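These are my notebook entries on one structure. I set down each item as I looked it up.

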Amino acid sequence: MGDHVVTAAVPAGLPAGADDLSVWPASTTRLPDGDLAVGGVSLSELADRFDTPAYVLDEAEVRGRCRTYRDAFPDTDVLYAAKAFLSRAMVRWVREEGLGLDVCSAGELELAVTSGFPAERVVLHGNAKSPRDLEAALRLGVGRIVIDGPSEIARIAAAVGPGGRQKVMVRVVPGISAGGHDKIRTGTDDQKFGLSLADGSAQHAIARILGQPRLELTGLHCHIGSQITEVKPYLVALRRMVGLMARVHDAHGVALPELDLGGGHGIAYRPGEPVLDLTALARRLRAGLIESCAAAGLPVPRLAVEPGRAVAGPAGVALYRVLAVKRTGEKVFVAVDGGMSDNPRPALYGVRYAPRLIGRRSTAEPRTATVVGRHCEAGDILAADAELPGDIRPGDLLAVPVAGAYQLSMASGYNLVGRPPVIAVHEGTATTLMRRETLDDFRSRDIGG
Ligand SMILES: *Cc1c(COP(=O)(O)O)cnc(C)c1O
């Protein structure tokens, strides 16, 4: 995440910023002929060897980001939010770097535990936990279950059975609007997650859990949204959560030992975009926690944070080949061999990316283009208003940085294109983590014929 090694000069004729590698993995270097290397491996060689579309994941960037969190947040549990991207290698890297894991389903939980992740370091979330989710959580011995609604209290207690005891937390909605888009704001009362602080349902649920001998309430949880770039909303959430802990203490004589403030830490997808300052976040949360606990006469609880995007996002690069270039009126459409089936985020939340031509040096004037996918939807856009060389043509390679989070984990089978492979790069070596999904994969599930 630091400086990039410059191996070739910025070519003449490019506008300022067009050669900016600030959102790329720290290992990224420039190679001759417009190519880039990530993790010591040439991206155009990867495209030739593994075909496109393909996803490249820089192991050192993932590990480096885990370490940045551990260093910035001492005395805090850092849990990686698995839904951003999960694979067996990712589970291993996160475990080796000393993080915990936050999962939302039996599938994510089983993959993690069967890949060697200690279940007691896993927290299970979900606004609608299925019987299978709860069965897996209890069978595997998950560390915490986060209760998201009143009906879960009796359900989990019943599943635990007589003599058993499960550690739980309560997801509280602190009434804060923060985050990059309506669909990722989860801290307000008008969305599906959690129990409201404002209408008393959080307090009511807490009282019921404390009266339930099969459940051990370890603390409170909130997750106020995603792609948040300011420290302030977290501080407001912290104060409201400590306020609730103080009321729990007054009403029940219980000092809850844990406070989990969720994730949502914002990253830059394009050069110049704001980023959440993790050091400032950690420092101000710690100071705010000590101050508000002292004011409320509470012991300081252990903090937890749950970053997903900020760990995986900047470690990934998506590679596509241009299949067609179409000029319609004022617009230039550059169509590539992937699209919404490997990255639905632009269609879902209108997010913006900065794709880059690789594998050939162009001296053409840059033009604004819309990079679209190959799927049968007009909304199948990968990058609106992308600055690309004016001579972009079929056969060219495009690389999209910051592709590691919420892309492949949200990928679909649309148009039977097949999900791309994931290639890990590290110190000059490329390893396939996940192979490309093939027609045989689709056929093997299609057993009705
Ligand atoms: C999605 C989610 C996270 C991670 O969010 P990021 O924006 O990827 O950091 C953390 N906690 C919970 C409960 C979540 O649902």
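**Entry 1. Strand β11**

I began with this: how many of the 7 residues of strand β11 (residues 215-221) are buried? The model I consulted is a predicted one. I found 6 of the 7 residues of β11 buried, so the strand is largely enclosed by the rest of the structure.

I then looked up the partners of β11. Strand β9 (residues 166-173) runs parallel to β11, and 6 bridges join the two. Within this pair, valine 170 stands opposite leucine 220 of β11. β11 is also joined to strand β12 (residues 258-260), by 3 bridges and again in the parallel sense. Here I noted glycine 219 opposite glutamate 258 in β12.

**Entry 2. Strand β4**

I turned to strand β4 (residues 54-58), of which 5 of 5 residues are buried. I checked the two faces separately. Ala54, Val56 and Asp58 lie on one side, Tyr55 and Leu57 lie on the other, and all are buried, so both faces are covered.

Which strands pair with β4, and in which sense? I recorded an antiparallel pairing with strand β14 (residues 316-328) over 4 bridges. I recorded a parallel pairing with strand β20 (residues 422-426), joined to β4 by 4 bridges. Leucine 57 appears in both pairings: it stands opposite glycine 316 in β14 and opposite alanine 424 in β20.

**Entry 3. The open sheet and serine 27**

I next examined an open sheet of 3 strands, ordered β1-β2-β3, with antiparallel pairing. Its edge strands are β1 (29-30) and β3 (41-42), each of which pairs on one side only. Strand β2 (residues 36-38) is joined to β3 by 2 bridges in the antiparallel sense. I noted valine 41 in β3 as the bridge partner of valine 38.

In the segment before β1 I located serine 27. Serine 27 counts as partly exposed because its relative accessibility is 27%, between the 20% limit for buried and the 50% limit for exposed. I also recorded its separation from glutamate 427: the two are 400 residues apart in sequence, yet their C-alpha atoms are 9.1 Å apart in space.

**Entry 4. Cysteines**

I looked for disulfides and obtained a count of 0. For cysteine 66, the nearest cysteine sulfur is that of cysteine 104, 18 Å away. That distance is beyond the 2.5 Å cut-off for a disulfide.

Is cysteine 66 buried or exposed? I entered cysteine 66 as buried, because its relative accessibility is 0%. Cysteine 376 I entered as exposed, because its relative accessibility is 58%.

**Entry 5. The ligand**

I closed with the ligand, which is surrounded by 16 residues. The closest are Lys83, Ser226, Glu306, Arg309 and Tyr406. By class, I recorded 3 nonpolar, 8 polar and 5 charged residues in the shell.

Which atoms of the protein lie within a few ångströms of the polar atoms of the ligand? I listed three contacts:

- A ligand nitrogen is 2.7 Å from an N or O atom in the side chain of glutamate 306.
- A ligand oxygen is 2.8 Å from a polar backbone atom of glycine 264.
- A ligand oxygen is 3.0 Å from a polar backbone atom of glycine 308.

I lastly noted the coverage of the ligand: taken alone it exposes 390 Å², and the protein buries 95% of that.

Notes:
Residues numbered from 1 in each chain as written. Predicted model: local features only at pLDDT ≥ 70, side-chain atom pairs only at ≥ 80, totals over all residues. Heavy atoms only, no water. Near = heavy atom within 4 Å. Polar contact = N/O pair within 3.5 Å; in protein donor to acceptor, adjacent residues only side chain to side chain. Areas by Shrake-Rupley, 256 points an atom, 1.4 Å probe, with all protein chains shown as cover. Nonpolar A, V, L, I, M, F, W, Y, C, P; charged D, E, K, R; others polar. Pairing = 2+ DSSP bridges. Buried < 20%, exposed > 50% of the residue type's maximum accessible area, 1.4 Å probe, protein only.
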